[in-house]
Amino acid sequence: MPKVKTPVPAKKAAPAADTVQKLRIQAAPYNPRIISEDQAQRLGAAMDEFGDLSGLVVNIRTSRVIGGHQRLKHLDPSWQVVKEDHADATGTVAIGYVETPRGRWAYREVAWDEQKEKLANLAANKHGGEFDG
């Protein structure tokens with residue numbers, strides 16, 4: 001008797017990502033940080049030049065952390081980094097996350113020369129505004 005192959009169900013398309021609409025989000029009125037107009041402009045320029053510097057940002061050319069030094073102190077070297085190639089205008093070469101017992105933490109790799117690395121590190125630590133109060 002011939003073997004009958006069980007049909008493999010077709011893969012369902014991944015659901016579309018929810019879009020964030022500007023009108024559906026708003027700043028928390030209790031946020032303790034304040035930022036001057038000048039600081040806000042510098043922050044915007046840094047975002048345009050360096051992209052997102054939050055999470056853990058690593059320069060693959062130097063193997064140095066650019067953003068996330070304090071987070072790095074709390075990450076176990078045995079935890080897995082899951083990443084995929086991703087290129088953008090700011091020099092990103094990979095994006096992903098660090099899988100931790102506390103959940104996933106954003107991870108990004110860039111390919112920058114040392115001068116841009118230093119400027120990005122300064123931007124990551126300088127353009128966040130001040131605490132009110």
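Let's start at Met 47, which sits in helix 1, residues 37-50. Helices here are DSSP runs of H or I with at least four residues, strands are runs of E with at least two, and both are numbered from the N terminus. Keep in mind that this is a predicted model: local features need pLDDT of at least 70, side-chain atom pairs count only at pLDDT 80 or more, and totals for chains, interfaces and linings use all residues. Residues are numbered from 1 along each chain as its sequence is written, and side-chain values use heavy atoms, with hydrogens and water left out.

Now zoom out. The protein chain has 3 helices and 7 strands, and if you walk along the sequence you meet them in the pattern β-α-β-β-α-β-β-β-α-β.

What's tucked inside? Of the 133 residues, 23% are buried, meaning under 20% relative accessible area with a 1.4 Å probe, counting protein chains only. The largest nonpolar core (buried Ala, Val, Leu, Ile, Met, Phe, Trp, Tyr and Cys residues joined through side-chain atoms within 4.5 Å) has 9 residues, among them Phe 50, Leu 53, Ile 66, Trp 112 and Ala 120. Helix 1 and helix 3 (114-126) are the elements that give two or more residues to this core. There's also a second, separate core of 6 residues, including Leu 56, Val 65, Leu 75 and Tyr 107.

Take a closer look at Trp 112. Leaving aside neighbours within four places in sequence, Trp 112 is in contact (heavy atoms within 4.5 Å) with residues including Phe 50, Leu 53, Ile 66 and Ala 120, as well as Asn 59, Arg 61 and Glu 117.

How values were computed:
Buried < 20%, exposed > 50% of the residue type's maximum accessible area, 1.4 Å probe, protein only.
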